[in-house]
Amino acid sequence: MTATTASSDADGTLQQATRIVDLAQHACEAYDRADLAGRLAGVRATLADPVVHIVVVGEFKQGKSSLVNGLVGHDICPVDDDVATALPTYIRFGKEPSAQLLLDEVPPRREPVPIDRVREFVLEKETEGAVAGVTGVEVRLPRRLLSSGLVIVDTPGVGGLGSVHAAASLTAASMADALLFVTDAAQELTRSELQFLRQAREVCSTAVCVLTKTDFYPHWRKIRDLDAGHLHGEADMPIIAVSSDLRRRAVAGGDKELNAESGFPDLVKFVAQRVSGGAATRAAAQAGASVVGVCEQIESQFEAERAALADPAAAAKVMDDLNEVRQRVEALKTAAAKWQQTLSDGIADLSSDIDHDLRGRFRRLVEEADAQIEEGDPADVWEETERWLLARVSDELLANYMMLRDRSIALSDDVAGHFQEAAGQALRQVAVTDPVSLAGAAQVDHKIELAKMKVGKQAMVALKSAYGGALMFTMLGTLAGVALGPIGVGIGLVMGRKGLREEKKRQRTSRQSQARNAIRRYCDEVSFVMTKDSRDTLRRIQRQLRDHYSGLADELSRSNTRALSAAAEAAQRTKAEREARLRDLTAEIDRLRQLREHASAIVS
């Protein structure tokens, strides 16, 4: 199957799902169920503008930006041998080429910028004079590959497992529908790359390892086989070897053979089939499930009325059954409902656990930092210590965030278990947009006197100690009636050396104490910000789940009320009226059943 065919299939799946949702909306309007139609309107909006994120990650200088350019057939991501990408670039479909800066606000504020100035904002050297507060750049291009809602994200280099960029890349991966992990053919996968890749697979199951620069390294096939061995056991993790340079020349010259040699057709096929097609299938399945639920609610209303019409003697039993259902539905709307209690208790427990986990992580981090500071002099290693601190804090924030994310999803499943009618509609993704950025909310304000004593100061300290020592022993010798002579000078030199050594030790101890205090202040500030952010996130999750299930309970209540009313009216109808109404109901139920069957076909 070609990429074009896969893209067409994805479009066809979305179009089919859209038609079914439209039919269901018309049915809701015809049956005067504006509440159900409102729910389907949100589903329809998702189908109309599906967004599928594919995140490109990897170490610095592995060819990520060139790979993205090759995928979209446009040199939009700047490629430089000396500098690296510093900000993420989001590339999505647009009828005309355009670019916007994403500013650090919630939601992100957008500021248009000429597309030829993208380089100024995403490269390390260029960002120094760029607009403050820019967190990324969004580029829109008229490319068919992107037309199905695909968003390709070019991220900064990982820069080692413990770096801030590594944590940020893992955060981006947790929001992604698919992951392209880029490594070049210069050498086999390193230990840090493998560890990062395994962590990324935990948050994004759809991934591919892309081996770049095959035209530059003749032995790339051997490297590919070695990488395949390292990835053995990683379920369904393909390796695709590509050459961005061959792809660029093939596109420029329209050379199909050279394009096939570049390896990009296989990568485009993966993106089109596994990512775009898979996302379209999931979106269509979710839409189909929503339509099935709506049809079942309306059908249950009609089935109750038909049962009362078909056997007036059994109408009382139908009414009793509906009243029992009403009691259960009304119980779902109370604060004492089990799902409400599960949600409330779960959020409280999760908030406590997240806070305890973060405090524990920072406590261990501070202990580790204290041990490092004890071994060295901050005057010599503080810059390295600062970089280590920022990377470790980012890594700990990410781990704490992943705990929040996983536990929140588990909680939503527990709530859904107590509200079975809503199964499949629970909140499936909760996220702090980028918890790593919270580390930047505080600065490492060290206030450490990093300057060691200069030679002149050392000489003065030594001279002062030597003079004091020599004077003291000379005076003692005079009082004892002994003339020390040159011996006094020697004693003074020994005292001066000892005084200088003690002063150096005192200053080093002072710097170590200042460094420990600086690290504690920084960790306290980041912990304060992160705790507030995680609690806000949990409150948002609680409101989303509460509103979702409360709304669903209201829908069920309306359906039951209408069924009760229709059943009561059925008992008052004449025989001729019952027969006419039965025919109408049978026709309506058949139409709803057909619609439900079409929706179920999409779900399966």
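These legends describe close-up views of one predicted model. Residues are numbered from 1 along each chain as its sequence is written, and side-chain values use heavy atoms, without hydrogens and water. Because the model is predicted, local features need pLDDT of at least 70 and side-chain atom pairs count only at pLDDT 80 or more, while totals for chains, interfaces and linings use all residues.

**View 1. A salt bridge joins Arg92 and Glu138.** A salt bridge is a side-chain nitrogen of Lys or Arg within 4 Å of a carboxyl oxygen of Asp or Glu. Here the N to O distance is 3.8 Å. Arg92 sits in strand S2 (residues 89–93) and Glu138 in strand S5 (residues 134–141), so the pair ties together parts that are 46 residues apart in sequence. Helices (H or I, at least four residues) and strands (E, at least two) are DSSP runs, numbered from the N terminus. Both residues, Arg92 and Glu138, are buried. Buried means under 20% relative accessible area, exposed over 50%, and partly exposed in between (1.4 Å probe, protein chains only). The whole structure holds 28 salt bridges.

**View 2. Lys532 pairs with Asp536 in helix H15.** The closest N and O atoms of this salt bridge are 2.6 Å apart. Both residues lie in H15 (residues 486–572), four residues apart, about one turn of the helix. Lys532 is partly exposed at 49% relative accessibility. Asp536 is partly exposed too, at 25%. Elsewhere, salt bridges that share partners link Arg92, Arg110, Glu138 and Arg140 into one network.

**View 3. Arg306 and Glu303 form a salt bridge in helix H10.** Their closest N and O atoms are 3.1 Å apart. The two are three residues apart in H10, so about one helical turn separates them. Arg306 has 23% relative accessibility and counts as partly exposed. Glu303 is partly exposed, at 28%.

**View 4. Ser300 of helix H10 lies across from Ile589 of helix H16, with their C-alpha atoms 9.4 Å apart.** Along the chain, Ser300 and Ile589 are 289 residues apart. Ser300 belongs to H10 (residues 264–310). With a relative accessible area of 40%, Ser300 is partly exposed. Ile589 is one of the buried residues of H16, which also include Arg578, Leu585 and Leu592. H16 (residues 575–603) has 29 residues and should span 42 Å at 1.5 Å a residue; its end C-alpha atoms are 41 Å apart, which agrees. The expected span is 1.5 Å times one less than the number of residues.

**View 5. Helix H6 has a set of buried residues.** They are Glu193, Leu194, Phe196, Leu197, Ala200, Arg201 and Val203. The 13 residues of H6 (residues 191–203) should span 18 Å, and the end C-alpha atoms are 19 Å apart, which agrees.

**View 6. Lys213 and Asp215 share the loop between S8 and H7.** The loop runs between strand S8 (207–212) and helix H7 (220–230). Lys213 has a phi near 60°, a positive value in a residue other than glycine. Lys213 is partly exposed, at 27% relative accessibility. Asp215 is partly exposed, with a relative accessible area of 39%.

**View 7. Asp32 has a positive phi of about 60° although it is not a glycine.** Asp32 is found in the loop between helix H1 (3–30) and helix H2 (34–48). Its relative accessible area is 52%, so Asp32 is exposed.
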